[in-house]
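Morning, everyone. I have one structure to show today, and I will keep it brief. Here it is.

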Number of protein chains: 2
Amino acid sequence: MDAPAPADISQDDDLLLEHQLCFALTVAARSVVGAYKPVLEKLNLTHPQYLVMLSLWETSPRTVRNISDALAQEPATISPLLRRLEAAGYITRRRADGNERALAVELTPAGAALRQQALEVPGTMMERLGLTRSQVMDLHASMMGLIAATSGGTPQPTEVAGTVRTEPPGRRDSGARIEG
Amino acid sequence: MDAPAPADISQDDDLLLEHQLCFALTVAARSVVGAYKPVLEKLNLTHPQYLVMLSLWETSPRTVRNISDALAQEPATISPLLRRLEAAGYITRRRADGNERALAVELTPAGAALRQQALEVPGTMMERLGLTRSQVMDLHASMMGLIAATSGGTPQPTEVAGTVRTEPPGRRDSGARIEG
DNA sequence: CTCCAATTATTAGTGCACTAACTATTAGCG
DNA sequence: CGCTAATAGTTAGTGCACTAATAATTGGAG
């Protein structure tokens, strides 16, 4: 309504709370995460825990460092979170064979089975948010652009390469990384 | 688990970490807030504290409830934050005249003076993020749409309206009687 | 006027996210 | 070999954000 021509926008307007992208961004993030809460409660997961599970459903024995890279968070953030996931019975934590420094974080059968319930989460959330798939994709692209803009820190490009895979059906030879 | 049917890409793809809007959103929010950090350190403010100051630069004596509504956060979140802003010398906290329940949060001269330095923050951040004004406005509009989606579709009590002024939409008088 | 309900802010407790400091293990070099 | 640097994870401490419980005040009903 009172939006003047772009050339006339003063510095004063830039300090209005309602003009702040950072404010809208943080509120949106909290709102969306909050919208997940009732859905994820059925899986006995918090939202950050859900993200960890997503990473493990893609690749099961992973190290703490590998997960923290994938989620763009510090290992110190992941560490207590994994402890709670272990307490919930979804993962196991044990020292990796051949490298006593690394920790092999692996899905339990219960954790792997949880994926079936999780399959409904994205659709449920899209419906709850009243967003179409293309809207989600547009917003996702916007966020990736923003992450790239802050490019001081590398945005997490889901480094599947160099991770440990539970491929071998018969042999325990998996994971060049984890087993040193 | 053997490899799933190659034709079924719909639901399985939705659980890929890199496809999650919620993930991109939280990473973007953390990245952008993180980008503010070195800039706000010069003002001796954290990002949430900066948002509180923005609200006070618009309207100076405000109650805790009024600020928490403006920032879409719980009073319990704002309370310790205000205590730290008081310790920094930017605000004062005293019981409001005529209503001993309410707290009158008011800028000190130092807090008011800080606005001059803050005037440079939005421009600095736009430059740091490498975003044009129109890109910022586009992203802001996207975020507002997302916020509206979360507060509209489902009974989400977090009413995050675009404008949080001293206009009581349906609520009690919001802090106008501070100096009663 | 007294008692009860609503309002307002704070505290306690959980969990997330970060930095810095620490332990333990491994690898590399002389 | 043994010392040193690098790697891997955890712990400590700060701060944010929420829910639930608490304390204090106010306003209204009986």
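I will go through the DNA strands, then the contact between the chains, then one pair of helices.

One caution before anything else: this is a predicted model.

Start with DNA strand C. There are 27 residues around this strand. Which of them come nearest? From chain A, they are A:Ala76 and A:Glu100. From chain B, they are B:Thr63, B:Arg65 and B:Ala76.

Now the elements behind that surface. In chain A, α3 (47-58), α5 (75-87) and β2 (99-107) give two or more residues each. In chain B, the elements that do so are α2 (21-41), α4 (64-70), α5 (75-87) and β2 (99-107). Which element gives the most to the surface near strand C? That is α5(A), with five residues. By class, the residues near strand C divide into nine nonpolar, nine polar and nine charged.

On to DNA strand D. Here we have 25 residues around the strand. The nearest from chain A are A:Thr63, A:Arg65 and A:Ala76. From chain B, they are B:Ala76 and B:Glu100.

For the surface near strand D, chain A supplies at least two residues from each of α2, α4 (64-70), α5 and β2. Chain B does so from α3 (47-58), α5 and β2. The element that gives the most is α5(B), with five residues. The classes here are nine nonpolar, eight polar and eight charged.

Next, the contact between the two chains. How many residues does each chain put in? Chain B gives 55 and chain A gives 52. On the chain B side, at least two residues come from each of α1 (10-14), α2, α3, α7 (121-129) and α8 (133-153). That side of chain B has 33 nonpolar, 18 polar and four charged residues.

Last topic: a helix pair within chain A. Helix α2 covers residues 21-41, and helix α7 covers residues 121-129. They pack at an angle of about 135°, with their axes 10 Å apart. Angles over 145 count as roughly antiparallel and 65 to 115 as roughly perpendicular, so α2(A) and α7(A) are oblique to each other. Their crossing is right-handed.

Who makes that contact? From α2(A), the residues are A:Ala35, A:Tyr36 and A:Val39. From α7(A), they are A:Val121, A:Thr124, A:Met125, A:Arg128 and A:Leu129. By class, that is six nonpolar, one polar and one charged.

That's the tour. Questions, please.

Technical notes
Residues numbered from 1 in each chain as written. Chains lettered and ligands numbered in written order. Predicted model: local features only at pLDDT ≥ 70, side-chain atom pairs only at ≥ 80, totals over all residues. Axes fitted to C-alpha atoms, helices over the stretch in contact; angles between N-to-C directions. Helix = DSSP H or I, 4+ residues; strand = E, 2+ residues; numbered from the N terminus. Parallel < 35°, antiparallel > 145°, perpendicular 65-115°, else oblique. Left-handed = near helix turned anticlockwise from the far one by under 90°. Contact = placed C-beta atoms within 7 Å. Nonpolar A, V, L, I, M, F, W, Y, C, P; charged D, E, K, R; others polar. Near = placed C-beta within 6 Å.
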